[in-house]
Amino acid sequence: MTHSPAPFAVPFQDLPLQIRNLRAELDPAIATVLGHGQFILGPEVATFEAVWAQFCGTAHAVGVGSGTDALQLILRALNIGAGDEVITAANSFIATAEAISYAGARPVLVDCRREDYLIDPAAVAAAITPRTRAIMPVHLYGQPANLPVLATLARKHGLALIEDAAQAHGATLKDGLRCGSVGVAAGFSFYPGKNLGAFGDGGAVTTSDATLTRRLRLLRNWGSVVKYHHEIQGYNSRLDTLQAAILAVKLRHLADWNEQRRSAAGWYRAALAGCPGLELPFESSWTDRHVYHLFVVRILEHDRDAIAKELAAHGVQTVVHYPVPIHQQRAYAELGYTAGAFPNAERAARTVLSLPMFPEITPAQVDHVARALRAALATSVR
Ligand SMILES: *Cc1c(COP(=O)(O)O)cnc(C)c1O
């Protein structure tokens, strides 16, 4: 998608455009790292961790190799593993469940709410057993999960609340709460396509717990703070110095980019208002700032895949997040869930469609998408 001329009038994302716009800022930051050569845990990592923690409203941030590792290492740092259960959403990217599996614990999946696709706190409450150690909500598509209710639930049952914030950089809730700062810890991904993306894999944990921070710093680096002295058995999962330098440059623009995404969401809402057969994203009552990592519509009556094909024929690139819920993935057959276990997640998998969304999208591009979608819904067979 990035190396050949875009066949799409409106691509799903346009990272090359963003990078072109930032080259003058990025090049010197990269040159500095190439100059000093400290590619592993160089000074840019600690610098980025400090500004990322500040951005998220936590005391600490720990840079790690990916968002998946951020979640896994949080679980390990909390000694959650074999014999333990962690409750999470059936309708997430598979990494959420795999992070739990990597730690040796069992992912216990629950359904989402119909209207906002976010984990249903009532379903979470019903899934708690004596083995449950943690709740891992996902701020799906850039909108916060219901953290006030989930935090109360976690406190009541003595569970760790761990946020999967991989899609929610900068998202906020009412009452001044910020994604990444409400749970005991949160995992962020800097996968290139995320709202804050590196030029490769990267991730971070945010937390205000000093003990947890120390354990995470050990775990990510072979159990070592002093070279060749290993306090525990750890992992090789550090945020690269080069990626940290790039992220520090990009972070200066994140707040503006999130506002641009929110503007684009407003343009879509205006252009698609009242469109028959279409459901627009729902902003939940506790949400203050949805950061629209994705703009996900629901195709109500038509065949979703036929609509996506029709859009592609008109130069509009779309993606489905996600076509198969975790409990119906072959990789998770071992969990023993059957079809129909999570009706809202299953319906979402059949009907959701993510429209092009990136900070640089123009009103004309949004208009093109809206016209193509209206036309497809008006003509396509059901
Ligand atoms: C991207 C993502 C992850 C994994 O992050 P990586 O950096 O790709 O490992 C985890 N959870 C969710 C919801 C994601 O979107």
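Tutor: A residue counts as buried when its relative accessible area is under 20%. The model discussed here is predicted.

Student: Which residues of helix α4 are buried?

Tutor: Helix α4 covers residues 95-102. By the cut-off of under 20% relative accessible area, the buried residues in this helix are A95, T96, A97, A99 and I100.

Student: What do the buried residues of α4 pack against?

Tutor: One partner is a helix, α3 (67-77). The others are strands, including β2 (85-89) and β3 (106-110). The list ends with β4 (132-136) and β5 (160-164).

Student: Which residue just after α4 takes a positive phi?

Tutor: The phi in question is about 95 degrees. The residue just after α4 that takes it is G104.

Student: How many helices and strands does the chain have, and why is it called as compact as a globular protein of its length?

Tutor: The secondary structure comes to 11 helices and 12 strands. For 382 residues the globule rule gives 21 Å, and the chain is close to that, so it is as compact as a globular protein of that length. The radius of gyration of the chain is 21 Å.

Student: What percentage of the contacts with a separation of 6 or more joins residues 24 or more positions apart?

Tutor: Of the 382 residues of the chain, 55% count as buried. Among contacts with a separation of 6 or more, the share from residues 24 or more positions apart is 71%.

Student: How much area does the chain expose, and what percentage do carbon and sulfur atoms supply?

Tutor: The exposed area of the chain is about 15,700 Å². Of that area, the part supplied by carbon and sulfur atoms is 54%.

Student: How far apart are the mean positions of the positive and negative charges?

Tutor: The chain has 34 positive and 33 negative charges. Their mean positions are apart by 2 Å.

Student: How many aromatic pairs are there, and why is the pair of W52 and F190 classed as it is?

Tutor: A search of the whole structure finds 10 aromatic pairs. In the pair of W52 and F190, the ring centres are 5.5 Å apart and the planes stand at 80 degrees. Planes over 60 degrees apart fall in one class, so this pair is edge-to-face.

Student: How many residues apart in sequence are the parts that this pair ties together?

Tutor: W52 lies in helix α2 (residues 43-56). F190 lies in the loop between β7 (185-189) and β8 (203-207). The pair therefore ties together parts whose separation in sequence, in residues, is 138.

Student: Are W52 and F190 buried or exposed, and which residues form a cluster with them?

Tutor: W52 has 0% relative accessibility and counts as buried. F190 is also buried, with a relative accessible area of 0%. Ring pairs link W52 and F190 into a cluster with F48, F55 and F188.

Student: Where are D175 and Y292, and which one is buried?

Tutor: D175, with phi near 65 degrees, lies in the loop between β6 (172-173) and β7. Y292, with a positive phi of about 45 degrees, is in the loop between β10 (287-289) and β11 (295-299). Most residues other than glycine have a negative phi. D175 is exposed at 77% relative accessible area, whereas the value is 1% for the buried residue, Y292.

Student: Which peptide bond is cis, from H321?

Tutor: Most peptide bonds are trans. Here omega is near 5 degrees. The second residue of the bond is in the loop between α9 (304-313) and α10 (343-351). The cis bond runs from H321 to Y322.

Methods. Residues are numbered from 1 along each chain as its sequence is written. This is a predicted model: local features need pLDDT of at least 70, side-chain atom pairs count only at pLDDT 80 or more; totals for chains, interfaces and linings use all residues. Side-chain values use heavy atoms; hydrogens and water are left out. Helices (H or I, at least four residues) and strands (E, at least two) are DSSP runs, numbered from the N terminus. The radius of gyration is taken over C-alpha atoms; the globule rule is 2.2 Å times the number of residues to the power 0.38. Buried means under 20% relative accessible area, exposed over 50%, partly exposed in between (1.4 Å probe, protein chains only). Contact means heavy atoms within 4.5 Å. Accessible areas come from the Shrake-Rupley method with a 1.4 Å probe; for residues, only the protein chains shown count as cover. Lys and Arg count as positive and Asp and Glu as negative; His and the chain ends are not counted. The place of a charge is taken as NZ of Lys, CZ of Arg, CG of Asp or CD of Glu. Rings of Phe, Tyr and Trp (its six-membered ring) pair if their centres lie within 6.5 Å; planes under 30 degrees apart count as stacked, over 60 as edge-to-face and the rest as tilted.
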